[in-house]
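I opened this entry to look up two things: enclosed empty space, and backbone angles with an unusual sign. The notes follow in the order I took them.

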Amino acid sequence: MNALSIQNLTKTYASGAQALKGIDLSVPEGDFFALLGPNGAGKSTAIGIISSLVTKTSGKVHIFEHDIDVEIEAAKSSIGLVPQEFNFNSFESVRNIVMNVAGYNGITRKLAASRTEFYLRRLDLWDKRNAASRELSGGMKRRLMIARALVHEPKLLILDEPTAGVDIEIRRSMWDYLTEINNENGITIILTTHYLEEAEALCRNVAIIDGGQIIEQGAVSKLLNLSKLETFVLDTDKPVQTLPQLPPFTFRSRNDSSQIEVDVPQGQSLNGLFDSLSSNDIVVKSMRTKSNRLEEFFMRLVSQKDGATS
Amino acid sequence: MSGWSLQWVAYTTIVRREVRRFMRIWVQTITPPAVNAVLYIIIFGGLIGSRIREVNGVPYMDFLVPGIIMMGIISNSYANVSSSFFSTKLQKYIEEMLVSPVSNLTILLGYVSGGVARGIAVGLVVSAVALVFIDLKPMFPLITLSIAILTSVVFSIGGLINAVYAKSFDEVSVVPNFVLTPLTYLGGIFYSVNMLPPLAEKISLFNPILYMINGFRFGILGVSDIPLWQSFAVIIVFIVILATVAIILLNRGTGIKT
């Protein structure tokens with residue numbers, strides 16, 4: 001069964017701006033799925049429509065086979081949303097915020113109280129349960145939004161840039177928690193993120209959206225195989241004055257002359273690269289990838305599209 | 001859980017949240033109407049009223065008090081829902097309800113119940129204050145209570161419609177300042193419409209608040225400028241019209257969805 005199924009979804013705002021131009025998307029149950037795209041691509045509009053915050057212009061959306069036009073109550077009961085912006089009552093206590101959302105989902109007070117305690121403890125917020133939400137740090141607010149989204153135990157959790165503005169430690173702990181609930185509880189997770197490293201580390205499938213259209217989708221591993229180049233940064237033992245000409249490798253200089261960048265074609269052995277460098281008296285002390293592979297693939301796709309439309 | 005049981009739990013959650021909100025800030029929400037009531041009763045009822053004999057066969061102080069109570073109920077029912085619903089929009093936590101399976105009817109009923117709770121709470125506080133000055137015993141308690149609650153429903157729904165359209169707190173205060181207050185003051189709190197010149201009396205009959213205040217006054221004193229059935233009819237017609245408008249706006253997502 002698909003957790004989410006979208007057919008020919010369009011959205012035109014009152015201003016005339018066409019945010020979605022007919023997207024089709026399927027997310028299987030149990031998947032960890034990323035929706036990637038540059039700012040203004042249509043990610044948040046798509047998520048807004050799925051979660052009933054935005055009115056669609058046309059198209060069909062099914063959540064666990066519940067049509068949002070027909071079975072809205074069942075569809076909404078299946079979804080937990082972690083929005084991009086903080087949207088709390090700033091005067092309400094942490095505990096009441098989670099309890100209220102449990103109530104909106106029809107969970108009785110007694111059960112809501114025990115679930116609220118469970119999720120606040122799990123997300124390290126129990127000590128702050130009586131604090132007003134405005135007193136929380138940014139990372140705590142992010143975690144509160146996750147606790148609030150999970151309190152009715154949805155089958156589909158949607159996170160719109162969940163780790164934006166949080167430090168690395170909290171980001172990693174959120175990654176661990178999301179992976180845990182996906183693996184152990186079977187919750188389907190859809191996230192949008194600007195951190196492509198995040199999508200590569202967490203997700204099995206991705207869709208890339210740009211200009212209101214899906215321009216690529218599939219398994220992360222499959223998309224990465226489509227990537228034709230990988231770029232490495234090499235630290236050399238001394239400054240490299242003249243860049244080597246060693247096809248099929250392409251070298252570029254960096255501001256630090258003891259570092260050079262090299263594009264390595266997919267499938268090309270790195271042994272051959274080091275042999276060629278050794279023969280040019282270049283000694284490599286260490287190396288790292290310039291950026292994650294998904295990011296490179298993403299940038300190339302988006303720039304290709306921009307080039308095609310300009 | 002689904003269906004009616006889900007909506008019931010959601011409804012009680014909204015009402016509990018709304019009552020908690022106005023009780024948390026009771027200094028702002030409950031005490032000012034009590035202070036106002038004391039001032040009105042002392043100045044108009046005591047100082048000026050002592051020079052007026054009777055109105056519609058009752059002492060002026062007794063005539064005045066039901067209107068003062070209704071003024072508190074009307075303004076506080078409206079203010080509670082308009083400011084609370086607008087805050088949920090402004091801080092975007094209305095999204096908590098929009099992504100949940102709460103029906104729009106439940107949202108409307110929840111907010112209106114919160115507004116009625118505050119309106120009646122203020123009415124009781126003002127009544128308690130009035131007891132210091134007069135012997136306040138409603139002649140028809142059921143009529144008194146039903147007119148108070150139904151009037152509170154009218155203005156709670158009105159407050160929600162105002163908040164749906166409002167884009168700033170200024171827009172939340174426009175209707176209370178420039179529509180509600182004048183209509184309330186001209187709605188027969190301080191005088192009987194029989195005391196007005198014929199044309200002004202006829203114009204006053206187009207003011208719906210006149211029917212509400214007189215219905216309430218009838219419940220307490222047994223005297224009114226308006227037949228009781230007309231008071232109920234006007235209030236119920238307004239509830240039906242405003243509730244229909246409110247549901248249409250919520251279903252369309254006016255002011256709350258893009």
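I fixed one cut-off before starting: a residue is buried under 20% relative accessible area, exposed over 50%, and partly exposed in between. I also noted that this is a predicted model.

**Backbone angles**

I began with the sign of phi. Most residues other than glycine have a negative phi.

I looked up B:Asn56. Its phi is near 50 degrees, a positive value in a residue other than glycine. I placed B:Asn56 in the loop between strand E1 (54–55) and strand E2 (58–59) of chain B. Is B:Asn56 buried, exposed or partly exposed? Its relative accessibility is 31%, so I entered B:Asn56 as partly exposed.

I then went to chain A. A:Glu153 is not a glycine, yet I found a positive phi of about 50 degrees there. A:Glu153 sits in the loop between H5 and strand E7 (156–160) of chain A. The relative accessible area of A:Glu153 is 42%, so I logged this residue as partly exposed.

**Cavities**

Next I turned to empty space. Rolling a probe the size of a water molecule over the atoms shows where it is left.

How many cavities of 30 Å³ or more does the whole structure hold? I recorded two.

I took the largest cavity first. Its volume is about 130 Å³. I listed 14 lining residues. Nearest the centre lie A:Leu81, A:Val101, A:Arg148, B:Glu96 and B:Val99. Three elements give two or more residues each to this lining: strand E6 (79–82) and helix H5 (138–150) of chain A, and helix H5 (94–98) of chain B. E6(A) has the largest share, with three residues. I sorted the lining of the largest cavity by class and got six nonpolar, five polar and three charged residues.

I then checked the second largest cavity. Its volume is about 40 Å³. From chain A, I noted A:Asn89 and A:Glu92 in the lining. From chain B, I wrote down B:Arg17, B:Glu18, B:Arg20, B:Arg21, B:Arg24, B:Ser84, B:Thr88 and B:Tyr93. Which elements give two or more residues to this lining? I found helix H1 (3–24) and helix H4 (60–90) of chain B. H1(B) gives the largest share, five residues. By class, I entered one nonpolar, three polar and six charged residues for the second largest cavity.

Conventions
Residues are numbered from 1 along each chain as its sequence is written. Chains are lettered from A and ligands numbered from 1 in the order in which they are written. This is a predicted model: local features need pLDDT of at least 70, side-chain atom pairs count only at pLDDT 80 or more; totals for chains, interfaces and linings use all residues. Side-chain values use heavy atoms; hydrogens and water are left out. On a 1 Å grid over the protein atoms alone, a cavity is a set of points where a 1.4 Å probe fits but cannot get out, and a pocket is an open set with protein on both sides within 12 Å along at least five of seven lines; lining residues have an atom within 4 Å of a point. Grid points are joined across faces, edges and corners, and a volume is the space filled by probe spheres set on the points. Helices (H or I, at least four residues) and strands (E, at least two) are DSSP runs, numbered from the N terminus. Ala, Val, Leu, Ile, Met, Phe, Trp, Tyr, Cys and Pro count as nonpolar, Asp, Glu, Lys and Arg as charged, and the others, Gly among them, as polar. Buried means under 20% relative accessible area, exposed over 50%, partly exposed in between (1.4 Å probe, protein chains only).
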